[in-house]
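Dear colleague,

I am handing over a model that I would like you to look through when you have time. Please find it here, with my notes set out after it.

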Amino acid sequence: MRSILLCGTVAMPAYDFFHHIVKAALIKAGWIITHDPLTVPFGDSNLHIDLGAERLLAAEKGSEKIAVEVKNFIHSSLISEFHTALGQFLNYQFVLEEYEPQRTLYLAIPADAYREFFSLEITQKIVQRYKVKLVIFDPITEEITQWKN
């Protein structure tokens, strides 16, 4: 999701190409979408993370809450998309730690991007260093294929 800061206000964000596919995949996997987008206040502005979701655990354990930022990785410069995605992930992670520490942030990426770009040594090391949690989805079947913590 991209948002534009205009004179102290944040315009309504535009959906990423795979937004609705990731949303459908999460629902198929048993998640309840609680926010679309998940708006988190920070200072004088609001940050918009693509999706907020919740899943009930065993009755005595309560629920698990996540936030999901969807990224496409369909443009010619995957490294540029990765820079943007990593920057957003780190910003959102910081804000969630301050305001909703019970929610775990994931970066949703398509399976082919995971196989081709996220298998590179440098990408793997950066993901490990910054503890980027990934949810990998198949855009054709609209299913979650892996969770990487």
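The notes below take up the sheet, then one residue in it, and then a pocket.

This is a predicted model, in which local features need pLDDT of at least 70 and side-chain atom pairs count only at pLDDT 80 or more, while totals for chains, interfaces and linings use all residues. Residues are numbered from 1 along each chain as its sequence is written, and side-chain values use heavy atoms, with hydrogens and water left out.

The sheet is open and has six strands in the order 3-6-7-8-9-10, with mixed pairing; strands (E, at least two residues) and helices (H or I, at least four) are DSSP runs numbered from the N terminus, and two strands pair if DSSP finds at least two bridges between them. At the edges stand strand 3 (32-35) and strand 10 (143-148), each with a single partner strand, so one side of each has no neighbour in the sheet. From one strand to the next the twist averages 35°, where axes are lines fitted to C-alpha atoms, for helices over the stretch in contact, and angles run from 0 to 180 degrees between N-to-C directions.

Strand 7 (residues 63-70) and strand 8 (residues 103-110) run parallel and are joined by six bridges. Val-70 has Ala-108 in strand 8 as its bridge partner, and Ala-67 stands opposite Leu-105 in strand 8. Helix 2 (residues 78-99) lies across both strand 7 and strand 8, running at about 165° to strand 8. Seven of the eight residues of strand 8 are buried (under 20% relative accessible area, with exposed over 50% and partly exposed in between, for a 1.4 Å probe and protein chains only), so strand 8 is largely enclosed by the rest of the structure.

Lys-65, which lies in strand 7, is partly exposed, with a relative accessible area of 25%. Leaving aside neighbours within four places in sequence, Lys-65 is in contact (heavy atoms within 4.5 Å) with Ala-53, Glu-54, Gln-102, Arg-103 and Thr-104.

The largest pocket (on a 1 Å grid over the protein atoms alone, an open set of points where a 1.4 Å probe fits, with protein on both sides within 12 Å along at least five of seven lines) has a volume of about 240 Å³, taken as the space filled by probe spheres set on the points. Of its 13 lining residues (an atom within 4 Å of a point), the closest to the centre are Gln-124, Val-127, Gln-128, Leu-134 and Lys-148. Helix 4 (residues 121-129) gives the most to this lining, with four residues.

With best wishes
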